[in-house]
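Dear colleague,

I am handing over the structure below, and after it I set out what was found there. Please read the notes with the coordinates open beside them.

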Amino acid sequence: LTTSKPRRGILGVNLGKNKTSDDEVGDYTAGIRELGPYADYLVINVSSPNTPGLRSLQQREPLRHLLASTLKARDEYAPNAPLFVKLAPDLSLEEMADVAEVVLETGIDGMIVSNTTNARPESLLSTHKGETGGLSGAPIKNRSTECIRAMYDLTKGTVPIIGVGGVGNGKDAYEKLKAGASLIQIYSMMVYEGPGVVSRIRKELGDIIVENGYKSVEDVVGADHMDIYWSKREESVRRRMQERQENEKEVVDL
C-alpha cells in the first residue's frame, strides 16, 4: 500500500469482524487503526452472510454501539476517511427503519446498499442454487434497488448511498440513482467482463441521462422520490444564489 508514486484511483477498505471473535468493536477498531491511514474511505461491513452472527450487528442497539465506537476510532486513526456502513438486502422494512434511525443519530458518513443475499429466488436455474453463502449479480438487482429506495426515503435523502447489486448496464445504474444512490459499485460484472465494463456502463448511463432530459448524475439522484427530490433541488438553487450574492458582494467590496 505504501509507494513512492502517487496512487491513482480511490481505495476503499472493507472491514469485518473475525469469524471466531467475541470482540466485534475491537476487531473493527484494529482494522481502522492498521488500514485507515491508507484508505480514501472505510466500510463497516455488518452484512456478510459468511460470518456467523455478523448480521445481528444490524439490530438497533448493537449497531448504535458499533458505529459510535468505530466513528471514534476513525476520528483518531483516519480522520480524513469517510465511514460507511454496509447493509444486507434481507432486512425487513422495520429493521431498515431501525438502521436509518441509528445512521441519522450517529452521523455516519454514508451507507452501502446492499451486500449479497441469503435468499434463493425461484427464478434461479442453476443446479447449485441450493448452496449456502451470499448470492450476488442479476438475481439481487431488484431487491437491492428497493432497499436503496427504502433507505433513501427513511433518511430523507440526507445520507449518501453507494448503490450495489446486480448492476450490469447503464439502465441498471440509472434505476439505482433514481432510487437514491449517489454512487454506483460493480462486482459480479467485473468477473464476466473485466475493468472495461466500467467504461461501457458509464457510456450507457450518460446516454440515458441525456435522453431523459437531465444534465448530470447529481440531477438524477433520488428522482423517484418527488417530494424529497424537489425539496433538495430548491435548496440547491437557494444555496447557489446565496453563493453568487456573496461573490458579487466581495467584488463590490474590492
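The largest pocket of this predicted model has a volume of about 660 Å³. Its lining is made up of 26 residues, and those that lie nearest the centre of the pocket are Y41, I162, L183, I184 and Q185. The elements that give two or more residues to this lining are strand 1, strand 2 (41-45), strand 3, strand 5, helix 5 (170-179), strand 6 and helix 7 (196-211), and the largest share, four residues, comes from helix 7. Sorted by class, the lining of the largest pocket has 19 nonpolar residues, four polar ones and three charged ones.

Several of these elements belong to the sheet, which is therefore the next topic. How are the six strands ordered, and is the pairing parallel or antiparallel? The six strands form an open sheet in the order 1-2-3-4-5-6, with parallel pairing; strand 1 (12-15) and strand 6 (183-184) are the edge strands, each of which pairs on one side only. At one edge, strand 1 is joined to strand 2 by four bridges, the two running parallel, and N14 has V43 in strand 2 as its bridge partner. At the other edge, two bridges join strand 5 (residues 161-163) to strand 6, again in parallel, and here I162 stands opposite L183 of strand 6. Helix 4 (residues 141-154) packs on the sheet, where it touches strand 3 (83-87), strand 4 (110-113) and strand 5, and the direction of helix 4 makes about 160 degrees with that of strand 4.

Strand 2 is mostly covered, five of its five residues being buried. In a regular strand the side chains alternate between the two faces of the sheet. Both faces of strand 2 are covered, with Y41, V43 and N45 buried on one side and L42 and I44 buried on the other.

Why can helix 5 be described as largely enclosed by the rest of the structure? The reason is that seven of the 10 residues of helix 5 are buried, namely G170, D172, A173, Y174, K176, L177 and A179. What covers these buried residues of helix 5 includes helix 4, strand 5, strand 6, helix 7 and helix 8.

Helix 8 (residues 217-220) holds D219, which counts as buried because its relative accessibility is 14%, under the 20% cut-off. Leaving aside residues up to four places away in sequence, D219 touches Y214, Y229 and R233.

Two residues of helix 2 are worth setting side by side. P62 is found in helix 2 (residues 60-77), and R64 has its place in helix 2 as well. P62 has a relative accessible area of 31% and is therefore partly exposed, whereas R64, at 17% relative accessibility, counts as buried. With residues up to four places away in sequence not counted, P62 touches S56 and L57, while R64 touches E101, V102, E105 and T106. As for separations, the C-alpha atoms of P62 and V25 are 10.0 Å apart, with their positions 37 residues apart along the chain; R64 and E105 are 41 residues apart in sequence and 8.4 Å apart in space, C-alpha to C-alpha.

Finally, there are two points of backbone geometry that you may wish to look at in the coordinates. Most residues other than glycine have a negative phi, and most peptide bonds are trans. The peptide bond that joins V113 and S114 is cis, with omega at about 5 degrees, and S114 has its place in the loop between strand 4 and helix 4. K156 has a positive phi, near 55 degrees, although it is a residue other than glycine. K156 lies in the loop between helix 4 and strand 5, and at 53% relative accessibility K156 counts as exposed, the cut-off for that class being over 50%.

With kind regards

How values were computed
Residues are numbered from 1 along each chain as its sequence is written. This is a predicted model: local features need pLDDT of at least 70, side-chain atom pairs count only at pLDDT 80 or more; totals for chains, interfaces and linings use all residues. Side-chain values use heavy atoms; hydrogens and water are left out. Two strands pair if DSSP finds at least two bridges between them. Contact means heavy atoms within 4.5 Å. Axes are lines fitted to C-alpha atoms, for helices over the stretch in contact, and angles run from 0 to 180 degrees between N-to-C directions. Buried means under 20% relative accessible area, exposed over 50%, partly exposed in between (1.4 Å probe, protein chains only). On a 1 Å grid over the protein atoms alone, a cavity is a set of points where a 1.4 Å probe fits but cannot get out, and a pocket is an open set with protein on both sides within 12 Å along at least five of seven lines; lining residues have an atom within 4 Å of a point. Grid points are joined across faces, edges and corners, and a volume is the space filled by probe spheres set on the points. Ala, Val, Leu, Ile, Met, Phe, Trp, Tyr, Cys and Pro count as nonpolar, Asp, Glu, Lys and Arg as charged, and the others, Gly among them, as polar.
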